[in-house]
Amino acid sequence: MAAWPEKKPTALLVLDDGTEIAGTGLGAEGSAVGEVCFNTAMTGYQEILTDPSYAGQIITFTFPHIGNVGTNDDDMETVNLAATSGVRGCVLKTDVTEPSSYRATRHFDAWLKSRGIIGISGVDTRALTTRIREQGMPNAVIVHNPDGVFDRAAIQAEAKAWPGLVGMDLAAEVTTRQTYGWDQTTWAWGTGYGTRTDTKHRVVAIDYGIKRNILRLLADHGCQVTVLPATATLDDIRGHEPDGVFLSNGPGDPAATGEYAAPVVRGILDAGIPTFGICLGHQILGIALGGRTTKMHQGHHGANHPVKDLTTGKVEITSMNHGFAVDSASLPGNVEETHVSLFDGSNCGIRMRDRPVFSVQYHPEASPGPRDSRYLFRRFTDLMSETEKA
């Protein structure tokens, strides 16, 4: 009987401690360096890989069957469909199969190539996830060469030399370059995406790495949305006479982005404008209020994270993607902790006691993920209505 044929490795994932993981390459060819995290979501790989919050990261999917439903143009989360999200690579357990969904318009491998994302399959993702849980998120280089030829010494040196995400302002790399309006609403079966038909509030959304479904949900709630770059000034924001300001998700170290963003947010708060922040926007708000942020050991990445809303006593399952967290002990007395993670007790939400301002650490628009947290958009619009009446 002939020997079982062994595949020649065409891709490597080399960690900064010298650990070398071999597999089969897919997607774009070449190499990229980034921080390796793991994501526990069972669905939504296309939304994850087009989420600008993952800029600078190599995503390990714990769910083994990634790419099995193909890709399409509706499930993209980058606002500019042609722009890359900043994701450096993806790590998979099994080889990608042919698309099995009627919605698919492209094979996952071809889609990765078009997005410039390097992939590696055939990896023991359980072992890699365990390593991250025990030792933290490593820096690494992911390489895809169909010839299977690698300069291992150079790759290891690059992985070891990369400084990591601490101190990196990646929001500046993924933010919009121009101001634009948004009126598309959420997807409905049989009709697709809709268009906002009424206007109840004018909202300025600061784009630190914003996702399309966030904007759709704001439009669903009657918000006339104007999106501004992460570097927008207070005068830029107030020039649109907003009823409220939304601080979006985004990648990188919040302390680095906060050097220019936090003073602007403080100006928004001083002006008494209702403000709602999520993810990086939540962290920048925390910094603007006088708090500090810290780097997490393994971060929170997935669509199954339980969070308790301390204002209602209810528990919601949330979609998360962050490697930094607000230190609740560093916040001043006029700030109340409103949400906590039931995984590790870390801060997941705050609100000001004396101003119409609140934020959460997770992604309430849930693309991908459960819809438990969509009530927060109503909380934001109610806050704007109450402020207008006062």
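Here are some short exercises on this structure, each with a worked solution.

Before you start, note that this is a predicted model, in which local features need pLDDT of at least 70, side-chain atom pairs count only at pLDDT 80 or more, and totals for chains, interfaces and linings use all residues. Residues are numbered from 1 along each chain as its sequence is written, and side-chain values use heavy atoms, with hydrogens and water left out.

**Exercise 1. Find the loop that holds Tyr 102, and decide whether Tyr 102 is buried or exposed.**

Step 1: Start with the position. Tyr 102 sits in the loop between β5 (89-91) and α2 (108-115). Helices (H or I, at least four residues) and strands (E, at least two) are DSSP runs, numbered from the N terminus.

Step 2: Look up the cut-offs. Buried means under 20% relative accessible area, exposed means over 50%, and partly exposed is in between (1.4 Å probe, protein chains only).

Step 3: Apply them. Tyr 102 has a relative accessible area of 65%, so it is exposed.

Step 4: Add its partners. Tyr 102, Trp 187 and Trp 189 make up a nonpolar patch on the surface, with about 470 Å² of accessible area together. Patches are made of residues with over 30% relative accessible area and no salt bridge; like charges are joined within 9 Å, and nonpolar side chains (Val, Leu, Ile, Met, Phe, Trp, Tyr) within 5 Å. The areas come from the Shrake-Rupley method with a 1.4 Å probe, and for residues only the protein chains shown count as cover.

**Exercise 2. Work out which parts of the chain the salt bridge between Glu 35 and Lys 295 ties together.**

Step 1: Pin down the term. A salt bridge is a side-chain nitrogen of Lys or Arg within 4 Å of a carboxyl oxygen of Asp or Glu. The whole structure has 13 of them.

Step 2: Check this pair. The side chains of Glu 35 and Lys 295 meet at 2.9 Å, N to O.

Step 3: Place both ends. Glu 35 is in strand β3 (residues 30-39) and Lys 295 in strand β15 (residues 293-309), so the pair ties together parts 260 residues apart in sequence.

Step 4: Check the cover. Glu 35 counts as buried at 3% relative accessibility, while Lys 295 counts as partly exposed at 32%.

**Exercise 3. Find the network that Glu 365 and Lys 211 belong to.**

Step 1: Begin with the pair itself. A salt bridge joins the side chains of Glu 365 and Lys 211 (2.7 Å, N to O).

Step 2: Locate the ends. Glu 365 lies in the loop between β19 and α10, and Lys 211 in the loop between β11 (201-207) and α6 (212-220), so parts 154 residues apart in sequence are tied together.

Step 3: Check the cover. Glu 365 is buried at 0% relative accessibility, and Lys 211 is buried at 1%.

Step 4: Extend the picture. Salt bridges with shared partners join Asp 51, Lys 211 and Glu 365 into one network.

**Exercise 4. Look for backbone oddities at Cys 279, Ala 366 and Pro 368.**

Step 1: Recall the usual case. Most residues other than glycine have a negative phi, and most peptide bonds are trans.

Step 2: Try Cys 279. Its phi is positive, about 55°, although Cys 279 is not a glycine. Cys 279 falls in the loop between β14 (275-278) and α9 (280-288), and is buried at 1% relative accessibility.

Step 3: Try Ala 366. Here phi is also positive, near 55°. Ala 366 is in the loop between β19 and α10 and is buried, with a relative accessible area of 7%.

Step 4: Finish with Pro 368. A cis peptide bond joins Ser 367 to Pro 368, with omega about 10°. Pro 368 is in the loop between β19 (357-360) and α10 (375-389).
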